[in-house]
Amino acid sequence: MNPEQLRFTDTHEWVHLETTPEGQTLATVGLTDFAIEQLNDLVYIQLPEVGQQVRRGEAFGEVESVKAVSDLYSPLDGEVEEVNTSLTQDLDPLSQDPFGAGWLIKVRPSNPAQVEELMDYQAYRKMCQEG
Amino acid sequence: MSSLLHTPLHPWHVSQGAQMVPFAGWHMPLRYTSIVEEHQAVRTAVGMFDISHMGRLRLDGPGVDRALDRLVTRRVVDMRLGQVRYSLVCDEDGHLLDDILIYRLMDAGGHEYFLVVANAANRQKVYQHFQQHLDEDISLMDLTQQWAMIAVQGPRALEAVEPMVEFPVKELRYYRAVETAVLGRGALVSRTGYTGEDGVEILVGAGAASEVWQALWQKVTALGGKAAGLGARDTLRLEAGMPLFGHELTANTHPFQAGLRFAVNLDRPFLGSDALKEAAVDSLARLVGLELRTRRVARQGYSILHQGQVVGQVTSGTFSPTLQKSIAMGYVQPALAQVGTELEVDLRGRPEPATVVPLPFYHRRKKGSSP
C-alpha cells in the first residue's frame with residue numbers, strides 16, 4: 001500500500017478504505033513504519049478475534065518490544081472482519097513491510113466517514129518530525 | 001532536557017543517530033540500531049559501551065583503607081593493591097544507598113588511594129554520605145566528569161583492546177585493575193563488567209575519550225562487534241542475573257534477600273552492620289529468577305501470583321535474546337522461592353504461568369570447558 005494514500009491516527013495506526021466487489025466498505029488497519037522503528041525489537045503482538053467490536057480511540061490489541069509495550073488503537077468504529085493471524089507466529093512482516101504484509105486487522109466500519117477526521121500523510125509525517 | 005549531563009562521547013552517539021534517552025540525569029544512547037543486535041554482538045563477538053555516566057569517587061589520605069572499611073558492607077582493609085571488589089553502601093539503619101565497585105590503587109607518585117564506582121543515579125547520594133561520615137583528613141573527590149569510562153565486553157573484547165593498551169591485558173586477572181596507558185594516554189584498565197562476558201572497563205581522561213573510542217570502534221567493528229547502548233546493557237546484565245539498583249535493590253532491600261551475602265562481612269563493624277544483623281532475614285521475600293512460557297515481557301512492578309494470590313513483584317524483565325524466552329527477576333515469599341515452583345505473573349490483567357529457575361539465566365562458557 002502506498003502510505004501517501006493512507007490516513008493516520010496520532011497513535012501511529014494507519015487505515016486504508018476500500019470498496020469490496022460486493023459494494024461493502026472495508027478498512028485495513030496497520031501500524032506505521034515510524035511506530036515500529038520507535039518500538040524496535042518486537043517480541044509479541046496480541047490481536048482481536050474476528051467478529052469483535054472495535055471503537056475509535058479504544059485499544060483493540062497490543063504490541064510489545066524488548067523495551068516497551070504499546071496498545072493498538074482503532075481508528076474507526078466497526079466489527080473485525082479479518083485478522084492477520086500470521087503475525088502472532090512471525091513478526092518480521094510487521095517490521096519489514098508495515099504498510100503491506102504487516103497489516104493488522106480488517107474492519108467493517110459502521111461509520112466510514114470517521115476516516116475524514118484522521119490525518120493525511122503530510123500531516124502525519126509533520127507530527128512525527130516534530131516529535 | 002537542557003539540564004541533562006553529556007558524556008565526552010555524546011557528540012559521537014548523536015552523530016551515529018542513536019536513540020538518546022534521559023537516564024539518571026544524563027543524555028545517553030539507548031540503542032544505535034537494535035537492542036537485540038547489540039546484545040548478540042556482545043555475546044558472540046564484542047560490544048563497546050559508553051559508561052561515563054557512572055559515578056567515580058576518589059578517596060585519599062592517611063588510614064583511608066580503615067575509613068572506607070567502616071562505610072561499606074564488605075571488608076576493604078585486606079584488599080590488595082590493584083584489586084577490585086563489589087560492595088554495598090548502607091546507612092546506619094541498614095537502608096541500602098548503592099552497590100559499588102571499590103578499586104585499591106596506587107598513583108604514579110606511589111600514593112595509595114581508593115576509587116569507588118557508583119551508579120549514576122546514586123552518585124550525589126553516595127558522595128554526600130561519604131562526606132558526612134569521613135574524617136576531615138580523608139579527601140573525597142568526585143572525578144566523574146573529568147574522566148570517561150568505556151566498557152569493552154564479549155568473547156573478543158581482549159583481542160579488541162590488546163593492541164591499544166600498554167599493559168598485556170590477557171595477564172590482568174578477573175577483578176583486577178592496572179594503571180597503564182591506552183594509545184599513550186594515562187588510563188586505568190580493569191577486568192570487570194556488567195554483561196556476564198569477559199572484558200574490561202577503561203577509564204581515560206575526558207580529553208582523550210573521543211580518540212580512544214574512535215580507535216576502539218575501528219577495532220571492534222573489524223571483529224564483527226558493535227557499539228551498544230543502555231538497552232543492551234540492561235538485557236545483558238539481566239540474563240547474567242546481576243542486580244540493578246532501583247530494580248532488584250532499593251533502600252529497603254536486605255542484601256541477603258538479593259543473594260548478596262558474599263558482599264557483606266558481618267564479622268566486623270561497619271555503618272549499618274547492627275541493623276543488617278538484627279533483620280529477620282528468614283521471613284523476607286527472596287529474589288528469584290522466573291521463566292515465562294509466553295513471549296510477553298514481565299515488567300517491573302507487575303504482580304507475581306500463586307493460586308490467585310499476590311505473593312511478590314517483578315523487579316526486571318525482558319525477552320532474552322540469547323535464550324529466546326521471556327525472563328524476569330522478582331521477589332517472592334521464601335516458601336515459594338524454590339527452583340521449580342510454579343507461579344504466575346499478572347501481565348496487564350492476564351495471568352501467565354512462570355516457573356522459578358536458577359539465577360543466572362545465562363552462564364558464559366569459560367575457555368576450555370565443554371559445551
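**A buried valine, two domains and a chain interface**

B:V264 counts as buried, because 22 C-beta neighbours lie inside 10 Å and the threshold is 20 or more. The model is predicted. B:V264 sits in the loop of chain B that runs between helix 7 (230-239) and helix 8 (273-278). Its contacts reach well beyond that loop in sequence: B:R74 is 190 residues away along the chain, yet the two C-alpha atoms are separated by 4.8 Å. With neighbours within four places in sequence left aside, the contacts of B:V264 are B:T73, B:R74, B:L88, B:P255 and B:L276. B:L276 falls within the bounds of helix 8 (273-278).

Chain B is divided into two domains, domain 1 (1-280) and domain 2 (285-357). Taken over C-alpha atoms, the centres of domain 1 and domain 2 of chain B are 29 Å apart. Each domain of chain B gives 14 residues to the contact between them. On the domain 1 side, helix 2 and helix 7 of chain B are the elements that give two or more residues. Helix 2 of chain B has the largest share of that side, with 4 residues. By class, the domain 1 side that touches domain 2 has 4 nonpolar, 7 polar and 3 charged residues.

The largest nonpolar core holds 121 residues. Within this core, B:I150, B:V152, B:L216, B:L290, B:A298 and B:V345 touch the most other members. Domain 1 (1-280) and domain 2 (285-357) of chain B both contribute residues, so the core lies between them. Another core, of 6 residues, lies apart from the largest one. Its members include B:A18, B:M28, B:L30 and B:L230. In soluble globular proteins, nonpolar side chains tend to be buried together.

B:A298 illustrates the packing in the largest core. Residues up to four places away in sequence are not counted here; beyond them, B:A298 touches B:L290, B:L292, B:V314, B:G317, B:S326, B:A328, B:V345, B:L347 and B:A354. Two of these partners, B:L290 and B:V345, are listed with B:A298 among the residues that touch the most other core members.

Chain B also meets chain A. The contact involves 11 residues of chain B and 8 residues of chain A. On the chain B side, helix 2 (35-44), helix 7 and strand 16 (309-320) each supply at least two residues. By class, this side has 4 nonpolar, 4 polar and 3 charged residues. Helix 2 and helix 7 of chain B thus appear on the side that touches chain A, and they also appear on the side of domain 1 that touches domain 2.

Three backbone features of chain B were noted. B:L359 and B:P360 are joined by a cis peptide bond, with omega about -5 degrees. B:P360 is in the segment that follows strand 19 (350-357) of chain B. B:Q324 is a residue other than glycine with a positive phi, near 55 degrees. The loop between strand 16 and strand 17 (325-332) of chain B holds B:Q324. B:Q324 counts as exposed, because 9 C-beta neighbours lie inside 10 Å and the limit is 12 or fewer. B:R348 likewise has a positive phi, near 50 degrees, and is not a glycine. B:R348 is placed in the loop between strand 18 (342-347) and strand 19 of chain B. With 12 C-beta neighbours inside 10 Å, B:R348 also counts as exposed.

Chain A contains 3 helices and 9 strands. Along the sequence, the elements of chain A follow the pattern β-β-β-α-β-β-β-β-β-α-β-α. For 131 residues, a compact globule would have a radius of gyration near 14 Å; chain A has 14 Å, so the two agree. Along the principal axes, the C-alpha atoms of chain A fill a box of roughly 40 × 35 × 25 Å. Of the 131 residues of chain A, 36% count as buried. Among contacts in chain A between residues at least 6 apart in sequence, 61% join residues at least 24 apart.

Confidence for chain A was also computed. The mean pLDDT of chain A is 95, and 100% of its residues reach 70 or more. Among the elements of chain A, helix 1 (residues 33-39) has the lowest mean pLDDT, 94. Strand 1 (residues 7-8) of chain A has the highest, 98.

Definitions and conventions. Residues numbered from 1 in each chain as written. Chains lettered and ligands numbered in written order. Predicted model: local features only at pLDDT ≥ 70, side-chain atom pairs only at ≥ 80, totals over all residues. Contact = placed C-beta atoms within 7 Å. Nonpolar A, V, L, I, M, F, W, Y, C, P; charged D, E, K, R; others polar. pLDDT = per-residue confidence, 0-100. Core = buried A, V, L, I, M, F, W, Y, C linked by C-beta atoms within 7 Å. Domains from an automatic or database assignment. Rg over C-alpha atoms; globule rule 2.2 N^0.38 Å.
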